[in-house]
Amino acid sequence: MPNNKIIENLKLPNVYILLLIVFLSCTLLIFINFFTIKILSANRAYVNGESHYSKGQKDAVRHLITYLYTGDKEQWKLYEEELKVPQGDGIARILLLVNGDIKIIKKGLRDGRNHEKDLDDMIWLFRNFRSVSFLAKAIKEWEQADQLINQLAEIGKEIDKKIKSSSLKPEDQKAFLSLISIISDRLTINERNFSNTLGEGTRTIKDRLIFTNIFFILIIISSVCIYYSIMVKRIIASKREIEVKNENLTLANKELDRFVYSASHDLRSPITSLKGLIEITQMEDDLEQIREYLNLMSQSLIKQDQFINDIIDYSKNKRKDVVFETVSLVSLFEGAIIQHTHIKNADRIMLDIDIMADKVQSDSLRLKIIVNNLLSNAIKYADESKDVMRISIKTYLEGNFYKIEVTDNGIGIKPESKGHIFEMFYVVDSNKGSGLGLYIVQEAIKSLNGTIELESEFTIGSKFTVTIPKL
């Protein structure tokens, strides 16, 4: 029962929510991976750019020192060419900080020997993440390196000026060499810090990406597992429901076959009897005998009428929905008593009525079926051999249940028949009933989620106790 309740609570919108979570998680995962890869790619481009920056700076220093001691103009040209690499990156950095012209920025990066396909990612990363700690620290190192490059360029100009004016002395060479070495050493430190900072940032991003991927993958796996769990539970519940419906359908078909067979027999039997009685009556001249035949015809018609009413009650109970309303048990019993006054011995039976619970919240149609059939059954199976035939009707409230008791001192029920009296078309005496009454009573009580109990002793009497839950 709890499992069924859980399955009922897992409505379709909850499944849609799970699918939405999976969709959003996948979308976010794709989005995060795309931009993380873009960041890592740009990071890699900066690290690669730093190697060009470092190589250009070192080659420029080498050519400048050579030029310092040889005065070879070719070395000066090579120095200027190599110095353009860090200078180009420096121009790009300055323009990126002030959101300068994109074309000039790209030209600076190209001068820094960065790959053409990396330029957009490098610009995007700088503009959008320059405030992030690791990148801000790297940019600071870059800025310091650019300042040293500018100093190196100024030293180069002074060397070139002295060489062209032939005023360069040996002591000047030593001084310039010392300055160039100091700047080169500082640049090496800045370049190393730049690479290390970006490398640290790359590792941090990679670790966070792994964590993010694991987190969203777990969400997706959990959601999919829950989704399939719901689906499996629904399939199992649906399968069980189908199995129950198939069992009920098989039972209903068997019940229908039996019903059709018995109903057709019970409907034809009074007609056959009537035809025979009519033929006999037509040949009879004795008025008393004719009256006897007419009485038999009347009983046959009463029996058929009762059977038809039972079929109508059976159909109503099967097809009509349960409708809860305020019902008066006093009115139901009064109507049932009046309805059954024509039954044999009804006028001789003493009725004891004790209604302690009158107004009940229940289905009036099914309560009427229950009351009518129980009273009819008690009257039909009254014991004519007893001096006093008695039926006791009692209603009362016990806890959260309404109780209806119908007790008689009739012929009672044999022990071997007690287990069958609620079966369809089971009759103790075929002349007294159709075998539908108590079956319909039981079905009507089931519709109200109630129960019925029987206490009976053969030749002593019977007691039927109906229990119906209070709303």
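## Exercises on a predicted model

Five strands make up an open sheet of mixed pairing, ordered β2-β4-β5-β7-β6. The model is predicted, so let's work through it with that in mind.

**Exercise 1. Find the edge strands of the sheet, and say how strongly neighbouring strands are turned against each other on average.**

Solution. Start from the order β2-β4-β5-β7-β6. The strands that pair on one side only are β2 (350-355) and β6 (451-457), which makes them the edges. Next, take the turn between neighbours in this sheet: with direction ignored, the average is 10 degrees.

**Exercise 2. Describe how β6 is joined to β7, and name the bridge partner of Leu454.**

Solution. First, count the bridges: β6 and β7 (residues 461-469) are joined by seven of them. Then look at direction: the two strands run antiparallel. Finally, go to Leu454 and cross over to β7, where its bridge partner is Phe464.

**Exercise 3. Work out which strands helix α10 touches, and how its direction relates to that of β7.**

Solution. Helix α10 covers residues 364-380 and packs on the sheet. Its contacts are with β4 (390-398), β5 (401-408), β6 and β7. For the direction, compare α10 with β7: the angle is about 175 degrees. Angles over 145 degrees count as roughly antiparallel, and that is therefore the label for α10 and β7.

**Exercise 4. Classify the packing of α5 against α6, and list the residues that make the contact.**

Solution. Begin with the geometry: helix α5 (residues 119-129) packs on α6 at an angle of about 110 degrees, and the axes are 10 Å apart. Because angles of 65 to 115 degrees count as roughly perpendicular, α5 and α6 are roughly perpendicular to each other. Now list the contact: α5 brings Leu125, Phe126 and Phe129, while α6 brings Leu135, Ile139 and Trp142. Sorting these by class gives six nonpolar residues, with no polar and no charged ones.

**Exercise 5. Characterise the second largest cavity: its volume, the residues closest to its centre, and the make-up of its lining.**

Solution. Searching the whole structure turns up three cavities of 30 Å³ or more. The second largest has a volume of about 150 Å³. It is lined by 15 residues, and those closest to its centre are Glu50, Tyr53, Asp89, Trp142 and Phe194. Trp142 also belongs to the α5 contact of Exercise 4.

Next, assign the lining to helices. At least two residues each come from α2 (12-70), α6 (133-164) and α7 (170-282); α2 has the largest share, with five. Last, split the lining by class: eight residues are nonpolar, three polar and four charged.

Note on methods. Residues numbered from 1 in each chain as written. Predicted model: local features only at pLDDT ≥ 70, side-chain atom pairs only at ≥ 80, totals over all residues. Heavy atoms only, no water. 1 Å grid on protein atoms, 1.4 Å probe; cavity = no way out; pocket = protein on both sides within 12 Å on 5 of 7 lines; lining within 4 Å. Points joined across faces, edges and corners; volume = space filled by probe spheres on them. Helix = DSSP H or I, 4+ residues; strand = E, 2+ residues; numbered from the N terminus. Nonpolar A, V, L, I, M, F, W, Y, C, P; charged D, E, K, R; others polar. Pairing = 2+ DSSP bridges. Axes fitted to C-alpha atoms, helices over the stretch in contact; angles between N-to-C directions. Contact = heavy atoms within 4.5 Å. Parallel < 35°, antiparallel > 145°, perpendicular 65-115°, else oblique.
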